[in-house]
Each structure stands twice: as C-alpha cells, then as structure tokens.
Amino acid sequence: MSGITFSYKIDGGDFVNAGKASSEIKRTLKQLNVAQKTIKRVVVSLYEAEVNIVAHAHRGEINVLINAEEISITLKDEGPGIESVEQAMEVGYSTASPSVVSMGFGAGMGLPNMKKNSDYLNVESKVGVGTTVTIKVALVG
Amino acid sequence: MVVKNIVRELDLKVFNKNADLDLEVKGGFVGDLLSHVMGNSEEGQVWLTVQTHKNVLAIASLNDLSAIILIDKQIPDPSMLEAAEKEGIPVLGSDKTAFELGGKLFELLRIDS
Ligand SMILES: Nc1ncnc2c1ncn2[C@@H]1O[C@H](COP(=O)(O)OP(=O)(O)O)[C@@H](O)[C@H]1O
Ligand SMILES: [Mg+2]
C-alpha cells in the first residue's frame, strides 16, 4: 500500500519538544491541501497523544501513515500503562503529577479531546508495560 | 482589526522582538488548562493566560492563534521567549486581569465588526 510515513521518538518528561510531531504533520497535511477543519482534528488528537507519552510514560514511538483516504497514527510507549482505560477516558480523570498540573496539563481532557476529534480511537494498555494508542482520521468526505 | 491595534488599545507590552503585529484578530480565548485551549480555541483568536512556558507557544502555533496575552503581570520564561522569537507569534503582556482585558477586547471586536 502506498502512502507517506513518518516516525518519531518521544522521551518521557521532555516537555521542551512536545508538539514537534504534531507541528510537522500539520505542515504536511497543509501541503497536501487537506481541509483546515480536518487538519485541526488531526492536530488536536496527535498533540494530546504526544503529550500523554511525555507526561505519563518513559519513552515512546509515533508512527504515522498518510494515504489518500485517511491518516493513521500509532503511538506506542513503554511506561506504567493504564489500569482502567474506561476511567481514563472520563473527562477530568488524571493522574498527572503536581508539576505537570502546574504547567496547565493534567486536566483529564486529553483522551476525551482525542475521542472527539478522531474517527477511530483505540487504547490498548498493559499495566507496568506500556500503552498503544491508535488514532485514525478520514481525510476525505 | 490586527494585533497592532489591540496592543495600542489595551496598552500591552510586546515581549518578542520579531512579533508579527499584523496578524488578524478574529476573537479571544481565556484559559489556563492547556487541553481546554487546545481543544476549543480557534484560528485567529488571541489567547489570554497565566501560563508562561514553551508549550503555550506550541499550542498557539498549532491552533493558528494570533497572539498570546500574559495577564496579571506574568512574564514569559526564557524558553517561551525563545520559541516566540522563532515563531513570530506575538507574546504580549499586561498588569490587568483576564476579566478586564477580555471585556475590553470583546468590546473592541464588537465595535470593529
Ligand atoms: N500513555 C499513557 N501512559 C500511561 N497513562 C496514561 C497514558 N495516557 C493516558 N494515561 C492515563 O490516563 C489519564 C487521562 O489522560 P488524559 O485524558 O490525556 O488526561 P491528562 O493527561 O490530562 O491526565 C492520565 O492522567 C493517565 O493516568
Ligand atoms: Mg493528557
């Protein structure tokens, strides 16, 4: 299958570089003349997922595949994992540390933002091992 | 209305030297919870906040915001300032509260439209 792929490595705690992947994907989608509304949905979803690795995990990798129909993003991290994905999806639920909260992150709105702005969201997690998040957004129609 | 106009009308400080003061201002957004701003702010809005770190710039850039106003005497961290110099998004400042600045900005935009 043809398409454009991107890959990024993310370090836990590295807030300085948070958003780099989102910024590059945004630029690419603009060049591909994707509708601004669609780009915004991708950017919100990817940014939140990127920040979750930085805020909650040890390290991770982001793989992006863009083809004519959709963008598919997989974020796989090594980290503490999530005990209850259902609970994590609730608005306001957060285990962010006080220092992360003081930066304005940790409002417990990240996963809800991803859900709202994607066409497909899947979160698979193993406690003590890590989390894999898959996000898809349709680029046409 | 462009950023230059609100800098004058609201008597704002401009922190970054290369700030693009000709960006169009279409509205405003007040918020300190980053996910709230990320998920709900819209292109062309001016963002009023107390947050002063680099991620504020990332969010403003990703959402195509026109400017950031640091309220209540806040000043940008060095990392935020550095990012602002790169991006050109104006980082502005005021001694006033979000309530007062937001009220004035709302009125300016209402008269302008
Ligand atoms: N990649 C991840 N690794 C471990 N825990 C995570 C991860 N992503 C989300 N979580 C858990 O889900 C909670 C809710 O996530 P989210 O809705 O993004 O809110 P926030 O990041 O603001 O806490 C987090 O506080 C954390 O407990
Ligand atoms: Mg989050």
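Trainee: Which residues lie nearest the centre of the largest pocket?

Mentor: A pocket is, on a 1 Å grid over the protein atoms alone, an open set of points where a 1.4 Å probe fits, with protein on both sides within 12 Å along at least five of seven lines; lining residues have an atom within 4 Å of a point. Here, N52(A), H56(A), I82(A), T95(A) and L111(A) lie nearest the centre of the largest pocket, which 36 residues line. This is a predicted model, in which local features need pLDDT of at least 70 and side-chain atom pairs count only at pLDDT 80 or more, while totals for chains, interfaces and linings use all residues. Residues are numbered from 1 along each chain as its sequence is written, chains are lettered from A in the order in which they are written, and side-chain values use heavy atoms, without hydrogens and water.

Trainee: How should the size of an interface be read?

Mentor: Interface size is often given as the accessible area lost when the parts come together. Buried area is that loss, with a 1.4 Å probe, summed over both parts. Chains B and A bury about 1700 Å² between them, 52% of it on carbon and sulfur atoms. Of the area that chain B buries against chain A, S35(B), N55(B) and L62(B) supply 34%, more than any other three residues.

Trainee: How many salt bridges does the rule find across this interface?

Mentor: A salt bridge is a side-chain nitrogen of Lys or Arg within 4 Å of a carboxyl oxygen of Asp or Glu. The rule finds one across the interface of chain B and chain A. K26(A) forms a salt bridge with D64(B), with the closest N and O atoms 2.9 Å apart.

Technical notes: Buried area = accessible area lost by both parts, 1.4 Å probe.
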